[in-house]
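Subject: Structure handover

Hi,

Here is the structure I promised to pass on. Please open it next to this message.

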Amino acid sequence: MHNTRSTTTPIHSQFLERMSPRAFVPEALTTAQIEQLVDAARWAPSASNKQPWHFAYALRGDANWDAFSAIPNEANRRWCLNAGALIVLVSDRQASPGKHSFDAGCAWGYLALQAHDMGLATHAMGGFSADEARAVLRLPEHLVPEVVIAVGRRGDASALPDDLRERETASPRKPLAEVLSAGPSSPGFEKKGFRPCTASAFRSCIRSDSSPSHARAPLPLRAPPGPPSPGRCG
Ligand SMILES: Cc1cc2nc3c(=O)[nH]c(=O)nc-3n(C[C@H](O)[C@H](O)[C@H](O)COP(=O)(O)O)c2cc1C
């Protein structure tokens, strides 16, 4: 499949090349390959370096494969059972309350890019049965199945059913300007529901630049009591 992605800044080509295909060559990965993928993932940053993640895997055809195959939902099972391995990424909400999913997501990103570097493809799936994952992995309550990841060698899209073959393309991204703003005011920000900030209201929300830095009061964490004033920073 031809990847037509391009962008405007000189980023590493891996970011454009990595994508989530559904066509895989039905051959098992090796344990060494899985170890290499998860080795990369575990170098991801995490809040207080808690590393609240765990990767449980089954190699295609091994003793755990059938049980892992039952975890993705029906729509994903149509294609992901050709993958060379299925990995269930689990986060630990007890180890890092409020940050476990965020950190696990970063680790998944590292794994995906390492796979790309090894000539492998990955496809994360949020469409899976958490109950099934919990049962297969015998997860206690505080361990959260976040995503199932199909990994393998990229296959030929012609092997896919018609409807999936049509979707085997490199997806686009929102424009940079829509996801980036200098400060709080930008069309992209406002589209997402953030209230527009007038220049004067913005100034009242930030520390005065005229006071010496050591004398600046910290920003209040909560709005002071009273009726909301129009134009306050959201
Ligand atoms: C958390 C998460 C859940 C996803 N769930 C599914 C899924 O259930 N089925 C699927 O086909 N793709 C799934 N995807 C893949 C996304 O649709 C895909 O990453 C996105 O469209 C961007 O395309 P790209 O990865 O090819 O760049 C998921 C991706 C992530 C990160």
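Below is what I found, going from the overall layout to single residues.

**Overall layout**

Please keep in mind that this is a predicted model. The protein chain holds 10 helices and 4 strands. Along the sequence the order is α-α-β-α-α-β-α-β-α-β-α-α-α-α. Of the 234 residues in the chain, 24% are buried. Contacts reach far along the sequence: taking those between residues at least 6 apart, 76% join residues at least 24 apart.

**The strands**

Start with β2, residues 85-92. It pairs with β1 in the antiparallel sense, over 7 bridges. It also runs antiparallel to β4, and 8 bridges join those two. β4 in turn pairs with β3 (residues 121-125), again antiparallel, over 5 bridges. Put in order, the pairings link β1 to β2, β2 to β4 and β4 to β3.

For the register, use these pairs:

- W53 has S91 as its bridge partner in β2.
- S91 also has a partner in β4, namely V144.
- L89 is matched with V147 of β4.
- T122 is matched with V151 of β4.

S91 is therefore a handy marker, because it bridges to W53 and to V144, and β2 itself is largely enclosed by the rest of the structure, with 7 of its 8 residues buried. β4 (residues 143-152) is mostly covered too: 8 of its 10 residues are buried. When you look at side chains here, remember that in a regular strand they alternate between the two faces of the sheet.

**The core**

The largest nonpolar core has 38 residues. Those with the most contacts inside it are A85, L86, I87, L89, A150 and V151. Several elements feed this core with at least two residues each: α2 (31-41), β1 (53-59), α4 (74-80), β2, α5 (100-117), β3, α6 (130-137) and β4.

A85 deserves a click. Leaving aside residues up to four places away in sequence, A85 touches L29, I34, Y57, A58, L59, R60, V151 and G152. V151 is thus on the contact list of A85, and V151 is also the bridge partner of T122.

**Helix α5**

α5 has 18 residues. From first C-alpha to last it reaches 26 Å, close to the 26 Å expected at 1.5 Å a residue. Its buried residues are H100, D103, A104, A107, W108, L111, A112, Q114 and A115. Many gaps in that list will look familiar: an α-helix has 3.6 residues a turn, so residues three or four places apart point the same way. The buried residues of α5 pack against α2, β1, β2, β3 and β4. After the helix comes G119, with a positive phi near 80°.

Take A112 as a sample position in α5. Is A112 buried or exposed? It is buried, because 24 other C-beta atoms lie within 10 Å, and the cut-off for buried is 20 or more. A112 touches R18 and T122, not counting residues up to four places away in sequence. A40 is 72 residues from A112 in sequence, yet their C-alpha atoms are 9.3 Å apart in space.

**The ligand**

Which residues surround the ligand? They are M19, S20, N76, A124, M125, G126, G127, V147 and S171. By type, this shell has 4 nonpolar residues, 5 polar and no charged. V147 links back to the strands, as the β4 partner of L89.

**Two backbone angles to check**

Q51 sits in the loop between α2 and β1. Its phi is near 50°, a positive value in a residue other than glycine. Q51 is partly exposed, with 19 other C-beta atoms within 10 Å.

R138 lies in the loop between α6 and β4. Phi of R138 is also positive, near 50°, and R138 is not a glycine either. R138 counts as exposed, because it has 7 C-beta neighbours inside 10 Å.

Best wishes

Methods
Residues numbered from 1 in each chain as written. Predicted model: local features only at pLDDT ≥ 70, side-chain atom pairs only at ≥ 80, totals over all residues. Buried ≥ 20, exposed ≤ 12 C-beta atoms within 10 Å, placed from the backbone. Contact = placed C-beta atoms within 7 Å. Pairing = 2+ DSSP bridges. Core = buried A, V, L, I, M, F, W, Y, C linked by C-beta atoms within 7 Å. Near = placed C-beta within 6 Å. Nonpolar A, V, L, I, M, F, W, Y, C, P; charged D, E, K, R; others polar. Expected span 1.5 Å × (residues − 1).
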